[in-house]
Amino acid sequence: MTGAEALSQTRYFNAASAGMRVADAMVRSHSAEDWRQVEASVPQFVGFLRELTKTEVLQALEAIVHGFGRVQATMDV
């Protein structure tokens with residue numbers, strides 16, 4: 001089996017193809033100014049992700065989600 005066959009069997013080609021279609025759709029649907037704003041936002045976004053992935057933050061978010069689910073379960077819709 002060649003390397004290409006192995007990649008094909010493990011679905012890497014399908015995933016890469018889908019990724020390229022998504023990237024193409026994103027590029028086509030956003031202006032140059034949109035991409036400048038995205039680029040300028042990257043440092044702040046990375047900082048947000050850094051904070052979000054702290055254990056205590058994830059635990060707090062989990063508690064909020066579970067609490068919200070309990071409230072919804074008791075609501076008379």
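Read along the sequence, this protein runs α-α-α-α. The whole secondary structure amounts to 4 helices and 0 strands. Its radius of gyration is 21 Å, well over the 11 Å that the globule rule gives for 77 residues, so the protein is more spread out than a compact globule. Please keep in mind as you turn it around that this is a predicted model.

The overall dimensions are a good place to continue. Along its principal axes, the C-alpha trace covers about 55 × 40 × 30 Å. Two pairs of residues help to give a feeling for distances within the model. Start with Ser41, which sits in helix α3. From its C-alpha atom to that of Gly3 there are 39 Å, with the two positions 38 residues apart along the chain. Ser41 is partly exposed, because its relative accessibility is 37% and the partly exposed class runs from 20% to 50%. The second pair begins in helix α4, residues 55-74, where you will find Gln59. Gln59 and Gln37 are 22 residues apart in sequence, and their C-alpha atoms are 31 Å apart in space. With 49% relative accessibility, Gln59 also counts as partly exposed.

How much of the protein is buried? Of the 77 residues, 1% count as buried, and the cut-off behind that word is under 20% relative accessible area. The protein exposes about 7000 Å², and carbon and sulfur atoms supply 63% of that area.

Part of the surface is a nonpolar patch. Which residues form the nonpolar patch? They are Val22, Met26, Val27, Trp35, Val38, Val42 and Val46, and together they have about 570 Å² of accessible area. Two elements give two or more residues each to this patch, namely α2 (residues 12-28) and α3 (residues 32-52). The largest share, 4 residues, comes from α3. Val38 is a helpful one to look at: this patch member is found in helix α3. Its relative accessible area is 43%, so Val38 is partly exposed. That value also suits its place in the patch, because patch residues need over 30% relative accessible area.

Now for the charges. The protein has 7 positive and 9 negative charges, and the mean positions of the two groups are 4 Å apart. Side chains of opposite charge can pair when their charged atoms come close. A search of the whole structure finds 3 salt bridges, and we can visit them in turn.

In helix α2, Asp24 forms a salt bridge with Arg28, and their closest N and O atoms are 2.8 Å apart. Why do these two residues lie about one helical turn apart? Asp24 and Arg28 are 4 residues apart in helix α2, and this spacing is about one helical turn. Their accessibility falls into two classes. Asp24 is partly exposed at 36% relative accessibility, whereas Arg28 is exposed, with a relative accessible area of 68%.

Moving on to helix α3, you will find a salt bridge between Arg36 and Glu33, with 3.1 Å between the closest N and O atoms. Here the two residues are 3 apart in the helix, so about one helical turn separates Arg36 from Glu33. Glu33 counts as partly exposed, because its relative accessibility is 39%.

The last stop is the salt bridge of Lys54 with Glu51, where the closest N and O atoms are 3.2 Å apart. What is the accessibility of Lys54? Lys54 has 33% relative accessibility and so counts as partly exposed. Its partner Glu51 is partly exposed as well, with a relative accessible area of 40%.

Conventions:
Residues numbered from 1 in each chain as written. Predicted model: local features only at pLDDT ≥ 70, side-chain atom pairs only at ≥ 80, totals over all residues. Heavy atoms only, no water. Patch = residues over 30% accessible without salt bridge, like charges linked within 9 Å, V, L, I, M, F, W, Y side chains within 5 Å. Areas by Shrake-Rupley, 256 points an atom, 1.4 Å probe, with all protein chains shown as cover. Salt bridge = Lys/Arg side-chain N within 4 Å of Asp/Glu carboxyl O. Buried < 20%, exposed > 50% of the residue type's maximum accessible area, 1.4 Å probe, protein only. Rg over C-alpha atoms; globule rule 2.2 N^0.38 Å. Lys, Arg positive; Asp, Glu negative; His and termini not counted. Charge placed at Lys NZ, Arg CZ, Asp CG, Glu CD.
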